[in-house]
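Me: Please take a close look at a single loop in this protein, then work outward from it to the parts around it. One connected account will do.

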Amino acid sequence: MNDTVKLLSLAVATPDNIILQTEAAETASRLFSQRFQDFKYLARVFESAGIRKRHAARPLSWFEQPHGWQDRMGAYTEVASELFRRSATTALQRAGVEANQVDCIVTASSTGVATPSLEARLAGEMGFRCDIERVPIFGLGCAAGVSGLAVATKMARSRPGAVVLFVAIELCSLAFRLDELTRPNIIATALFGDGAAACVLRAGESGIVEIESTGEHLFPDSLGIMGWKIDDTGFGIVLEQSLPVFAETHLRGAVAGILERSGLLLSDIDRFICHPGGAKVLAALERALGLESGSLDVEREVIGDYGNMSSPTVLFVLERMIASGLPDRSVLLAMGPGFSASCITLKRAA
């Protein structure tokens, strides 16, 4: 049987609450400007980030009150379950697959904790079989849209004909903190939003696009660039100011090495489909990969409409790229905690 893994469908979902960037800037100013002397300087990021609006798990007013672990994880379980349901249901419908035909579910999320995991909570309601394999993934952050899809690809390739559902869900807004008077927290309030994406995979003959190869690169001595610090209130963001410079300096060699292991060169790639971590990161990616300034136009459209949703964001970009027509060969690329880079090469289906 053919063990070439194909993407059968892709669907995205967002919470109903919409926060305009102008509203976020006004609220942040009211909450932080009198308590944090550097706020006036940092507030410029609300304009320079290139974000028009974002979707959030809770209305903007919710974030004006203090919340602890119980509130945050209660909101996570509720809203993440709904986004899982909506994105997965639509993806399965687009693939022409029933829930009871799914053999494996890979779920990536680093912005909340639910035990039992999300897919277990929804199994009965959605109609998943009792013998389904479940692979919850935590800790990959922004890279998980690519690295989680790579795990799902390996699961599909190991059993040709099996249906694998991959869901990436992040509720980044639940980590916004009133008590964190730090540069990373202020930047987070300007950048991050919430959303989910679901993909259906199967090794076989037909599909939207072929998942050709996967690979990752873990940079040494880089743990402090991105991640979470955890305390009694919840998650607190770790985000180094040097991230764009690090990406511009080190990413090209890492991506070239990943591609070389699959017998490919950077020149073989027609389009890099990148996780839009922010305006500065996108500019750094273009320089690192030798692209013309402004080449990552779809990425800028997505971050403008949704902000940085962490792991699902790159799949929002892929959805738009599929709709407009993929080139012969493209690379899905994201960076995340570790610090790491993750790549998937995609070939347009014949």
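Reply: S310 sits in the loop between α10 and α11. In this predicted model, S310 has a positive phi of about 65 degrees, although the residue is not a glycine. Its relative accessibility is 6%, and S310 therefore counts as buried, the limit being under 20%.

The two helices on either side of this loop are also joined through their side chains. R320 and E301 meet in a salt bridge, with 3.5 Å from N to O. R320 belongs to α11 (residues 313–324) and E301 to α10, so this pair ties together parts that are 19 residues apart in sequence. Both partners are partly exposed: R320 has a relative accessible area of 25%, and E301 has one of 39%. The pair does not stand alone, as salt bridges with shared partners join R52, E301, D305 and R320 into one network.

From α10 a further salt bridge leads back to α9. The side chains of E286 and R300 meet at 2.7 Å, N to O. E286 is in helix α9 and R300 in helix α10 (residues 297–306), with their positions 14 residues apart in the chain. Here the two partners fall into separate accessibility classes. E286 counts as buried because its relative accessibility is 3%, whereas R300, at 29%, is partly exposed.

The next residue along the chain takes the path on to α8. R287 pairs with E248 in a salt bridge of 2.9 Å, N to O. This link spans 39 residues of sequence, from E248 in helix α8 (residues 243–261) to R287 in helix α9 (residues 279–288). Both ends are partly exposed, E248 with a relative accessible area of 34% and R287 with 48%. By the rule used, the count comes to 18 salt bridges.

The loop also has to be placed in the whole protein, which is divided into domain 1 (5–203) and domain 2 (209–348). The centres of the two domains, taken over C-alpha atoms, are separated by 17 Å. In the contact between them, 64 residues of domain 1 meet 49 residues of domain 2. Together the domains bury about 4300 Å², of which 63% is on carbon and sulfur atoms. On the domain 1 side, W69, C142 and V146 supply 16% of the area buried against domain 2, more than any other three residues.

What charged and polar pairs cross this interface? The count between domain 1 and domain 2 is 2 salt bridges. A salt bridge also joins R94 and E319, whose side chains meet at 3.8 Å, N to O. Across the interface there are 14 residue pairs in polar contact. Several elements of domain 1 each supply at least two residues to the side that touches domain 2, among them β1 (5–13), α4 (69–95), α6 (144–158) and α7 (183–191). Of these, α6 gives the most, with 9 residues. By type, the residues on this side of domain 1 divide into 33 nonpolar, 17 polar and 14 charged.

One of those contributors, α7, is largely enclosed by the rest of the structure, because 8 of its 9 residues are buried. The buried residues of α7 are P184, N185, I186, I187, A188, T189, A190 and L191.

W69 leads to another loop. D231, in the loop between β9 (226–230) and β10 (235–239), touches W69, R177 and E180, leaving aside residues up to four places away in sequence. The C-alpha atom of D231 is 9.7 Å from that of G68, although the two residues are 163 apart along the chain. D231 counts as partly exposed, at 28% relative accessibility.

A last backbone detail concerns a third loop. The peptide bond from T115 to P116 is cis, with omega near 5 degrees. P116 lies in the loop between β4 (102–108) and α5 (118–126).

To return to the starting point, S310 is a buried residue with a positive phi, in the loop between α10 and α11. The helices α10 and α11 are tied together by the pair of E301 and R320, and α10 is linked to α9 by the pair of R300 and E286.

How values were computed. Residues are numbered from 1 along each chain as its sequence is written. This is a predicted model: local features need pLDDT of at least 70, side-chain atom pairs count only at pLDDT 80 or more; totals for chains, interfaces and linings use all residues. Side-chain values use heavy atoms; hydrogens and water are left out. Domain bounds come from an automatic or database domain assignment. Contact means heavy atoms within 4.5 Å. Buried area is the accessible area (1.4 Å probe) that two parts lose on being put together, summed over both. A salt bridge is a side-chain nitrogen of Lys or Arg within 4 Å of a carboxyl oxygen of Asp or Glu. A polar contact is a pair of N or O atoms within 3.5 Å; within protein, one must be able to donate a hydrogen and the other to accept it, and residues adjacent in sequence count only if both atoms are side-chain atoms. Helices (H or I, at least four residues) and strands (E, at least two) are DSSP runs, numbered from the N terminus. Ala, Val, Leu, Ile, Met, Phe, Trp, Tyr, Cys and Pro count as nonpolar, Asp, Glu, Lys and Arg as charged, and the others, Gly among them, as polar. Buried means under 20% relative accessible area, exposed over 50%, partly exposed in between (1.4 Å probe, protein chains only).
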